[in-house]
Amino acid sequence: MMSIPLLASARSPARDCTYNLFRNRQRPELLCAVPEDRPVPGFVVPGDWRFERALRPSDTNPPGFEDRAAQVGVRFNGFYLFQITDSREEMAA
């Protein structure tokens, strides 16, 4: 009997939650993603951070956002910090 290897999808699984994204005012390439059902961490204060947008499960990931890393970060910390890796995205901020 011949076996056919199954290829893993190159696409990552869809996000299962909506994240609120906060952008650091001094370092605009730094963002903090917080699931909408979790409290915002104490270091995210209005003078240092601003609300950027909601990242819904159907939205395209911003450059630098990794779904698996976000899941792990949220599990251990309650939030996920990431850095924008596309200079065109920084310019839009």
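The exercises below, each with a worked solution, deal with a predicted model.

**Exercise 1. The sheet**

Determine the order in which the strands of the open sheet are arranged, and find which strands stand at its edges.

Solution. Start with the general idea that strands of a sheet pair through backbone hydrogen bonds, and that this pairing can be parallel or antiparallel. In this model, four strands make up an open sheet, and reading across it gives the order β3-β1-β2-β4, with antiparallel pairing. The next step is to look at the two ends of that order: β3 and β4 each have a single partner strand, so one side of each is left without a neighbour in the sheet. Going from one strand to the next, the twist averages 30 degrees.

**Exercise 2. Strand β4 and its partner**

Describe how β2 and β4 pair, and state which residues of β4 lie on its covered face and which on its uncovered face.

Solution. Begin with the pairing itself, in which β2 (residues 30-35) and β4 run in the antiparallel sense and are joined over four bridges. Two of the residues involved can then be followed across to β4, where L30 has Q83 as its bridge partner, while L31 has F82. Finally, sort the residues of β4 by face: Y80 and F82 belong to the covered face, whereas L81 and Q83 belong to the uncovered one.

**Exercise 3. The aromatic rings**

Work out how the ring of F82 is arranged relative to the rings of F65 and Y80, and decide whether these residues are buried or exposed.

Solution. A pair of aromatic rings is described by the distance of the centres and the angle of the planes. The count of aromatic pairs in the model comes to seven. For F65 and F82, the ring centres are 5.2 Å apart and the planes stand at 90 degrees, so this pair is edge-to-face. F65 lies in the loop between β3 (49-55) and α1, and F82 lies in strand β4 (residues 80-83), so the pair ties together parts that are 17 residues apart in sequence. For Y80 and F82, by contrast, the centres are 5.4 Å apart with 15 degrees between the planes, and this pair is stacked.

For the second part, compare each relative accessible area with the cut-off for buried, which is under 20%. F65 has 3% and is therefore buried, F82 likewise has 3% and is buried, and Y80, with 9%, is buried as well. To complete the picture, ring pairs link Y19, F65, Y80 and F82 into a cluster.

**Exercise 4. Two polar residues**

Find where N24 and D67 are located, and identify what the side chain of each one reaches.

Solution. Take N24 to begin with, which is found in strand β1 (residues 19-24) and counts as buried because its relative accessibility is 12%. The side chain of N24 reaches the backbone nitrogen of Q26 at 2.9 Å. Leaving out residues up to four places away in sequence, N24 touches L30, D48 and W49.

Now turn to D67, which is found in helix α1 (residues 67-77) and counts as buried at 10% relative accessibility. The side chain of D67 makes a polar contact, at 3.1 Å, with the side chain of N61.

Notes:
Residues are numbered from 1 along each chain as its sequence is written. This is a predicted model: local features need pLDDT of at least 70, side-chain atom pairs count only at pLDDT 80 or more; totals for chains, interfaces and linings use all residues. Side-chain values use heavy atoms; hydrogens and water are left out. Buried means under 20% relative accessible area, exposed over 50%, partly exposed in between (1.4 Å probe, protein chains only). A polar contact is a pair of N or O atoms within 3.5 Å; within protein, one must be able to donate a hydrogen and the other to accept it, and residues adjacent in sequence count only if both atoms are side-chain atoms. Contact means heavy atoms within 4.5 Å. Rings of Phe, Tyr and Trp (its six-membered ring) pair if their centres lie within 6.5 Å; planes under 30 degrees apart count as stacked, over 60 as edge-to-face and the rest as tilted. Two strands pair if DSSP finds at least two bridges between them. Axes are lines fitted to C-alpha atoms, for helices over the stretch in contact, and angles run from 0 to 180 degrees between N-to-C directions.
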